[in-house]
Each structure stands twice: as C-alpha cells, then as structure tokens.
Amino acid sequence: MDFIMAFIVGGFICAIGQILMDATKLTPAHVLVFFVTLGAILSGLGLYQPFVDIAKAGATIPLTGFGHNLVTGVIQDVNEYGLLGVFTGGLRAGAGGVTAAIVFGYLMAVFFNPKSK
C-alpha cells in the first residue's frame with residue numbers, strides 16, 4: 001500500500017507542477033522555487049509531516065520534500081545548538097541529497113559522452 005500511496009501522491013504533485021507550467025507563464029525554475037518554498041512553509045506550520053506520514057516517499061522525493069527536509073533540519077539544529085542551528089540545520093539536512101546529485105551527475109558525465117544537437 002505504501003507504493004500505491006507514494007505513486008498517487010508523487011504523481012499528483014508532479015501533475016500540479018505540469019499544470020502550472022502549461023496553464024500559466026511560469027517556467028520550470030519558477031515552479032521549482034514555488035514547490036521548495038511551499039514545502040518549507042507547510043513544514044514550518046506543521047502541516048507537511050502528517051502528509052509525509054501518509055504518503056512516505058511520494059511526499060519526500062518531490063521538490064516539496066526538499067523544502068520540508070531543510071526546515072526539519074533547521075528546527076532540529078535550533079533545538080540542539082540555538083541560533084547557530086539556523087545556519088547549520090539546512091546544510092546538514094540537505095547535504096546527503098546534494099552530494100548524491102553531484103556525485104551521480106559527475107559519474108554520468110564520465111561514463112556517457114553527451115552529443116551536441
């Protein structure tokens with residue numbers, strides 16, 4: 001059942017992004033910033049975690065999940081380190097995902113030769 005919920009919720013989030021790009025003049029960059037910001041705001045208000053509990057990866061993998069991850073890290077570090085946690089929490093929480101994206105992107109560039117159009 002977890003797979004089905006992840007598929008439905010993740011697909012719904014992606015469909016909203018596609019509708020925003022098709023029906024408005026928003027670019028993919030605008031939608032990216034909107035989703036990360038929306039995830040951060042909903043997480044800060046305590047509304048995103050119940051959504052994650054239900055949808056699991058369907059809510060954590062899309063861009064809204066990245067905003068949620070940043071805010072969750074900041075809240076944890078503020079509780080542990082005080083004001084310094086505002087600066088370290090988001091970096092600590094997002095470091096694994098950003099590092100994986102850089103490493104896998106580098107490996108793809110090494111193993112596959114991109115062709116110009």
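Here is a short conversation about the helices and the largest pocket of this predicted model.

User: Happy to start simple. What makes up the fold, helices or strands?

Analyst: Helices. The protein has six helices and zero strands, and from the N terminus on its elements run α-α-α-α-α-α. The C-alpha atoms fill a box of roughly 50 × 35 × 35 Å along the principal axes.

User: Why are α1 and α2 called oblique to each other?

Analyst: Let's set the angle against the cut-offs. α1 and α2 pack at about 135°, with their axes 9 Å apart. Roughly antiparallel needs an angle over 145, and roughly perpendicular covers 65 to 115, with the rest outside the parallel range counted as oblique. The pair is therefore oblique. As for the hand of this crossing, α1 and α2 cross in a right-handed way.

User: Which residues make that contact?

Analyst: From α1 come I13, I16, G17, L20 and M21, and from α2 come P28, V31, F34 and F35. By class, that gives eight nonpolar residues, one polar and no charged. Gly counts as polar, so G17 of α1 goes into the polar class.

User: How do you know that α3 is oblique to α5 as well?

Analyst: The same kind of check works here. The axes of α3 (residues 48–55) and α5 (residues 63–81) come within 11 Å and cross at roughly 125°. Perpendicular stops at 115 and antiparallel starts over 145, so α3 is oblique to α5. The crossing of α3 and α5 is left-handed. Y48, Q49 and V52 of α3 meet T64, G65 and H68 of α5.

User: What is the class make-up of the contact of α3 with α5?

Analyst: There are two nonpolar, four polar and no charged residues in it. Tyr and Val count as nonpolar, which places Y48 and V52 of α3 in that class.

User: Now the largest pocket, please. What is its volume, and which residues line it?

Analyst: Its volume is about 160 Å³. The lining consists of I13, C14, G17, Q18, M21, P28, V31, L32, F35, P62 and L63.

User: Which helix gives the largest share of that lining?

Analyst: α1 does, with five residues. Both α1 (2–23) and α2 (28–44) supply at least two lining residues each.

User: What classes do the lining residues of the largest pocket fall into?

Analyst: Nine are nonpolar, two are polar and none are charged. Cys and Pro are on the nonpolar list, so C14, P28 and P62 of the lining count there.

How values were computed. Residues numbered from 1 in each chain as written. Predicted model: local features only at pLDDT ≥ 70, side-chain atom pairs only at ≥ 80, totals over all residues. Heavy atoms only, no water. Axes fitted to C-alpha atoms, helices over the stretch in contact; angles between N-to-C directions. Helix = DSSP H or I, 4+ residues; strand = E, 2+ residues; numbered from the N terminus. Parallel < 35°, antiparallel > 145°, perpendicular 65-115°, else oblique. Left-handed = near helix turned anticlockwise from the far one by under 90°. Contact = heavy atoms within 4.5 Å. 1 Å grid on protein atoms, 1.4 Å probe; cavity = no way out; pocket = protein on both sides within 12 Å on 5 of 7 lines; lining within 4 Å. Points joined across faces, edges and corners; volume = space filled by probe spheres on them.
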